[in-house]
Amino acid sequence: AGSLVSYRGLEDVINAMARVKVTWNEHFNYKLLIAGASPKNALQYEETIRRLVRKNSLIPNIVWLGQLSSAEMSWCFKNCAAFIMTSRLEACPNVVLEALGHGCVNLSISNPPMPEFFGDAAFYYREGCSQELSDLMLKVMGLSSLEKQLLQEKSRNMAKRFSWDDTAQKTIKCLQNAIESSKTTSDQ
């Protein structure tokens, strides 16, 4: 989900899906939903990913959704088998907070700050290591209903650590401290 730019690392999940599809042969019927669009300066990256999809015979397994409304994104989170975070570079990944809040089973790149946000509510793979990601995808596909429910609850509990009210209060406190500090400095 988000802008389709090179640092999103979609090649990780495309290559992992190709590995999983080979393992499952004709029984592979999973779909990868890609939400978002390419800005004009990243159209080449999108075309590179589309070529990779064609090369790996994944056209029937990839759904290019484009930009989605909040309600549509919420539906995707609530109905996915897993949320996969491949982005190599993020500051505060709101999409991760949304996935956690919706109780997704999560697979994520191990790059910072993902472990800080997901904590133990995700399975991690190393950047560019589609073998590790495909192994995790197969692991998630084999989870029992109870195991999925426990992971979903773990996600929702992790999301509670990131309260907007708490963020607002801490931001106000920080700004108040800065104002007080500047008054003290200007009085000297």
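This section describes the overall architecture of a predicted model and then examines one helix pair and several individual residues.

The secondary structure of the predicted chain comprises eight helices and five strands. Read from the N terminus, these elements follow the order α-β-α-β-α-β-α-β-α-β-α-α-α. Along the principal axes, the C-alpha atoms occupy a box of roughly 75 × 45 × 30 Å. Of the 188 residues in the chain, 38% are classed as buried. Among contacts with a separation of 6 or more, 67% are made by residues 24 or more positions apart.

Helix α1 covers residues 10-24 and contains 15 residues. At 1.5 Å a residue, a helix of this length should span 21 Å; the C-alpha atoms at its ends are 21 Å apart, and the expected and computed values therefore agree. Buried positions in α1 are L10, D12, V13, I14, A16, M17, A18 and V20. Just after the helix, N25 adopts a positive phi of about 50 degrees.

Helix α1 packs against helix α6, which comprises residues 130-141; their axes come within 8 Å and cross at roughly 55 degrees. The two helices are therefore oblique to each other. The crossing of α1 and α6 is right-handed. On the α1 side, the contacting residues are D12, V13, N15, A16, M17, R19, V20, T23 and W24. Their counterparts in α6 are S130, Q131, L133, S134, M137, L138 and M141. Several residues of α1 that meet α6 also appear among the buried positions of the helix, including D12, V13, A16, M17 and V20.

Residue N106 lies in strand β4, which spans residues 106-109. With a relative accessible area of 2%, N106 falls under the 20% cut-off and is therefore buried. Its side chain reaches two backbone oxygens: that of C104 at 2.9 Å and that of A121 at 3.0 Å. When neighbours within four places in sequence are set aside, N106 is in contact with F83, A99, L100, F118, A121, A122, F123 and S155. A121 thus appears both as a contact of N106 and as the owner of a backbone oxygen reached by the N106 side chain.

A second buried polar residue, S87, is located in the loop between β3 (83-85) and α4 (94-101). The relative accessible area of S87 is 2%, and this residue is therefore counted as buried. A polar contact of 2.7 Å links the side chain of S87 to the side chain of E90. Beyond neighbours within four places in sequence, S87 is in contact with Y7, R8, I109 and M114.

Two further loops contain noteworthy backbone geometry. Most residues other than glycine have a negative phi, and most peptide bonds are trans. S57, which is not a glycine, has a positive phi of about 55 degrees. This serine is found in the loop between α2 (43-55) and β2 (62-66). Its relative accessible area of 46% lies between the 20% and 50% cut-offs, so S57 is partly exposed. The peptide bond joining P112 and P113 is cis, with omega at about 5 degrees. P113 belongs to the loop between β4 and α5 (114-118).

How values were computed: Residues numbered from 1 in each chain as written. Predicted model: local features only at pLDDT ≥ 70, side-chain atom pairs only at ≥ 80, totals over all residues. Heavy atoms only, no water. Helix = DSSP H or I, 4+ residues; strand = E, 2+ residues; numbered from the N terminus. Buried < 20%, exposed > 50% of the residue type's maximum accessible area, 1.4 Å probe, protein only. Polar contact = N/O pair within 3.5 Å; in protein donor to acceptor, adjacent residues only side chain to side chain. Contact = heavy atoms within 4.5 Å. Expected span 1.5 Å × (residues − 1). Axes fitted to C-alpha atoms, helices over the stretch in contact; angles between N-to-C directions. Parallel < 35°, antiparallel > 145°, perpendicular 65-115°, else oblique. Left-handed = near helix turned anticlockwise from the far one by under 90°.
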